Amino acid sequence: RKWSQVGQFSFHVVGNGVVMVKFANGQARDWVLDNGPWDIWGYHLAVKKWSKDMPLALEDCKSIPIWVKLKRVPVQYWTKLGLSYIASVLGKPLHMDANTTNRYALSFARVCIDMEAPSSFPDNIVIELDNGSTTTIGVEYPWRPASCTLCKVFYHSNKTCPRAVMREWMPKPMVLAQRKPDDVEDWITVKRKGSNLEQVQELNRSDLPHSIEEQGPGKEASKQAPKTPVKNPPGVLVQNTTESVDGDVAGGVDETGGSVGRLGDSARVMLAGGPSGYKKKKKKGREGQGVSLNRSTKNRVAAWNVRGLNDPLKQCEVRDFISSNNISLLGILEYRVREPNLENVARNIKNSWFFVSNYCVSMSGRIVVMWDPSLLNFVPIYVNDQAIHEQVTLVNNMCIFVSLVYGMCDRKARLTLWDDLIHCADRFRSEPWAVLGDFNVTRYGNEHSTSTRVTKLMQDFNSAITKAELEDMRGAGFHFTWSNMRVGFEAISKKLDRELGNWWWFKMVGDSYAMYHPPGISDHSPVSIQMRDRGRPFKFLNFWTENDRFLSIVKQVWDMTFSGSLLVVVHKKLKCLKSHLR
């Protein structure tokens, strides 16, 4: 409708996402080029002037015009020559929009730049002024296309590039047997496997050495190598994490009343092993104690979307997840268990735990919360069909507020959830508050494996988070928390589960972090919050450098010999130096 106001045109579909538009006159064509960017139904159009011998395929798209916002541009550079000088850092300047040309708004300049695929898309540009000083110009990209730095095209990203390689962690005996010259220590490079089973088998055989017998000890090591682990769902990215030191917890908490159900008085002894492969390790001096007051544990709050919890195998998987990760409070979402059967299901999971659900406000009962009464005290405050907001008191008398959320798939229904979070934000404004669960919507474009566009649903979610003054917690583990459990081109992964905290949460429990675990028997990954007690921080005092013994102490510690890699040696020396300085 807008383009037809300046002239007549016609569409000619080329295919594979490329469309040619033929205008009746050159003025209409130039008006369309100069008045971008153009977005249709959430999709960004990369409009480029046609030229002779131009390839009409995305596979050959090595450069693409992108509208860029330049912020904090000095007034003396607000000219065609000055903006071209600044924009040339990013690529080839093409043209400006009407507001920038006429200088109607000096808050930012919008320039269309032809950028190359290997571009790093910097967030700022530093320029030197005439007086010798420097100034920083902010760069904002309303739309950043996926690009491949290996093929140097915009057709696909590095993640889906057929030329890309990935590094897999393998046990050291296997690495010694299959090491290649370009491998990093304890890692081995594996070529990307195709979807055809025969091609995968041939590729695996080609990756292995042709004669392992000639490698001596590598032959014996390869025989003892463990089996290949089960593959993760498609599109799931695993990151390495570091375990922290457990803290001792002692004492107990009085049981709560009201609508809370109690499952039993006796504690159940966990058996070693299970579907998750979890094995309980015995420690010296603790054999035969069972569940004792000297138990070492952590306060972890978790949420997991497990559909069909009537299945005994899924109940066993949830029980093993609680035991292996030291969970003290768990919210189970979309469990699809009828209210009369809920107590039996909860008893099979944890016999000594208490539980509460939202059956009182929802006939489907989408949320059930279970907790260990010996480690915390749980009091529900607000309960509705999409969230349970509660007050949690830990054994150290620290009081926090936790909200377990399950967002419905309907957009209008989720609007009531956003209003509920904004209301609770005012209620918990001066208290540490954490929100976790399945929101059924993503926040950013990179949280979807097959699409990067920002929809109206995502804008509503981000607006509610901003009004509630919440922010994502520092996380580790899986990037995508949900997948449709398919392979190939039909595989879709999203980040639907997340953990948020308000300002007081980061101030009081700032050393906590979010962990996204493997999905296991569910299509959702369980999410947990690890809350750790703050240790006494080490502060370096500047007056130490004025002491005559300072340099000698540093030299004495630095001359010590430590084993390990260079980074480990530096860490050990700094740790040793800290004790000497104290």
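How many of the 582 residues of the protein chain count as buried? In this predicted model, the share that counts as buried comes to 40%. The accessible surface of the chain adds up to about 34500 Å², and carbon and sulfur atoms hold 53% of that area. As for secondary structure, the chain carries 13 helices and 29 strands. Sequence-distant pairings show up clearly in the contacts: take those between residues at least 6 apart in sequence, and 63% of them join residues at least 24 apart.

Before any details, a word on confidence. The mean pLDDT of the chain is 75, with 73% of the residues reaching 70 or more. Element by element, the bottom of the ranking goes to strand 12 (residues 247–248), which has the lowest mean pLDDT, at 37. The other end belongs to strand 22 (residues 433–438), with the highest mean, 94. Over residues 192–297 the pLDDT is below 50, although this stretch still has 145 contacts in the model beyond near neighbours in sequence. Where pLDDT is low, the predicted coordinates should not be read in detail.

Now to the charged side chains. Side chains of opposite charge can pair when their charged atoms come close. The structure holds 16 salt bridges, and a handful of them are worth walking through.

Start with Glu140 and Lys71, whose side chains meet in a salt bridge with an N to O distance of 2.7 Å. Glu140 sits in strand 9 (residues 134–140) and Lys71 in strand 5 (residues 63–71), so this pair ties together parts of the chain that are 69 residues apart in sequence. Both ends are partly exposed: Glu140 has a relative accessible area of 31%, and Lys71 comes in at 32%.

A local counterpart turns up in helix 8 (residues 339–349), home to both Arg347 and Glu343. These two are four residues apart, about one turn of the helix, and they form a salt bridge whose closest N and O atoms are 3.1 Å apart. Again, neither end is buried, because a residue needs to be under 20% relative accessible area for that: Arg347 has 31% and Glu343 has 36%, so each counts as partly exposed.

Arg429 and Asp426 make another salt bridge, with 2.2 Å between the closest N and O atoms. Here too the partners are partly exposed, with relative accessibility of 38% for Arg429 and 49% for Asp426.

Which residues are linked in a network of salt bridges? Arg443, Glu447, Glu471, Asp472 and Arg498 are the ones joined up this way. Within that group, Arg498 deserves its own look. Arg498 is part of strand 27 (residues 497–501), and its relative accessibility is 1%, so it counts as buried. The side chain of Arg498 makes a polar contact with the side chain of Glu447 at 2.9 Å. Leaving aside residues up to four places away in sequence, Arg498 also touches a mixed set of residues. Among them are the network members Arg443, Glu447 and Asp472, along with Val435, Leu436 and Gly437. Phe439, Phe461 and Tyr516 complete the list of residues touched by Arg498.

Notes
Residues are numbered from 1 along each chain as its sequence is written. This is a predicted model: local features need pLDDT of at least 70, side-chain atom pairs count only at pLDDT 80 or more; totals for chains, interfaces and linings use all residues. Side-chain values use heavy atoms; hydrogens and water are left out. pLDDT is the predictor's confidence in each residue, from 0 to 100. Contact means heavy atoms within 4.5 Å. Buried means under 20% relative accessible area, exposed over 50%, partly exposed in between (1.4 Å probe, protein chains only). A polar contact is a pair of N or O atoms within 3.5 Å; within protein, one must be able to donate a hydrogen and the other to accept it, and residues adjacent in sequence count only if both atoms are side-chain atoms. Accessible areas come from the Shrake-Rupley method with a 1.4 Å probe; for residues, only the protein chains shown count as cover. A salt bridge is a side-chain nitrogen of Lys or Arg within 4 Å of a carboxyl oxygen of Asp or Glu.
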